[in-house]
Amino acid sequence: MGYMKAEDILPMEIIELIQQYVDGENIYIPRKSKERKEWGARTSTRQELSTRNQRIYEDYNSGMRTGELAGKYYLSEKSIQRIVREMRLKLVS
């Protein structure tokens, strides 16, 4: 997400109106609802996390303990437990 200067894209009247609410601050203007994309749709992060979680589940099933997995994947034990539980539920349904 890049930043644009308001002076380059908005009429001065709109800038002055916005300045009544925020002056000299950065603000976020959300996309129109129909233009929004799901989280991870623009990058490969969603697939990478899915692959990582599958590996965690396989390692857990092969006998690794949650503490070992937490160290290996740099996550908390609670996160490992949640991932294992979610993967188990996903495979059952």
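This tour visits three helices of a predicted model and the core between them.

**Stop 1: the core**

Select Ile 56, Tyr 57, Leu 69, Ala 70, Tyr 73, Ile 80, Ile 83, Val 84 and Met 87. These nine residues form the largest nonpolar core. Which elements give two or more residues to this core? They are helix 3 (45–61), helix 4 (66–73) and helix 5 (77–92). With four residues, helix 5 gives the most.

**Stop 2: helix 3**

Colour residues 45–61, the extent of helix 3. At 1.5 Å a residue, its 17 residues should span 24 Å, and the end C-alpha atoms are indeed 24 Å apart, which agrees. Now select Asn 53, Ile 56, Tyr 57 and Asp 59, which are buried in helix 3. Looking down the helix axis, one finds the buried residues within an arc of 160°, so they line one face of helix 3. The cover over these buried residues includes helix 4 and helix 5. On the other side of helix 3, Gln 47 and Glu 48 are exposed.

Continue past helix 3 to Gly 63, which follows the helix and has a positive phi, near 115°.

**Stop 3: where helix 3 meets helix 4**

Display helix 3 and helix 4 together. Their axes come within 10 Å and cross at roughly 145°. The crossing is right-handed. To see the contact, select Arg 52, Arg 55, Ile 56, Asp 59 and Tyr 60 on helix 3, and Thr 66, Leu 69, Lys 72 and Tyr 73 on helix 4.

**Stop 4: two residues of helix 4**

Select Thr 66, which lies in helix 4. Is Thr 66 buried or exposed? Its relative accessibility is 18%, and the cut-off for buried is under 20%, so Thr 66 counts as buried. Leaving aside neighbours within four places in sequence, Thr 66 is in contact with Tyr 60, Glu 77, Ile 80 and Gln 81.

Next select Ala 70, also found in helix 4. At 10% relative accessibility, Ala 70 counts as buried. With the neighbours within four places in sequence again left out, Ala 70 is in contact with Leu 75, Ser 76, Glu 77 and Ile 80. A distance can be displayed here as well: the C-alpha atoms of Ala 70 and Gln 81 are separated by 9.4 Å, although these residues are 11 apart along the chain.

**Stop 5: the loop at Tyr 74**

Move to Tyr 74, in the loop between helix 4 and helix 5. Tyr 74 is exposed, with a relative accessible area of 75%. Its phi is near 55°, a positive value in a residue other than glycine. Most residues other than glycine have a negative phi.

**Stop 6: helix 5**

Finally, colour residues 77–92, the extent of helix 5. Its 16 residues, at 1.5 Å each, should span 22 Å; the end C-alpha atoms are 23 Å apart, which agrees. Which residues of helix 5 are buried? Select Ser 79, Ile 80, Ile 83, Val 84 and Met 87 to see them. Viewed down the axis, the buried residues of helix 5 fall within an arc of 135°, so they line one face. They pack against helix 3 and helix 4. One of the buried residues, Ile 83, touches Arg 52, Asn 53, Ile 56 and Leu 75, not counting residues up to four places away in sequence.

Turn the view to the face of helix 5 directed away from its buried side. The exposed residues there are Lys 78, Leu 89 and Val 92.

Definitions and conventions. Residues numbered from 1 in each chain as written. Predicted model: local features only at pLDDT ≥ 70, side-chain atom pairs only at ≥ 80, totals over all residues. Heavy atoms only, no water. Core = buried A, V, L, I, M, F, W, Y, C linked by side-chain atoms within 4.5 Å. Buried < 20%, exposed > 50% of the residue type's maximum accessible area, 1.4 Å probe, protein only. Contact = heavy atoms within 4.5 Å. Expected span 1.5 Å × (residues − 1). Arc of directions from axis to C-beta. Axes fitted to C-alpha atoms, helices over the stretch in contact; angles between N-to-C directions. Left-handed = near helix turned anticlockwise from the far one by under 90°.
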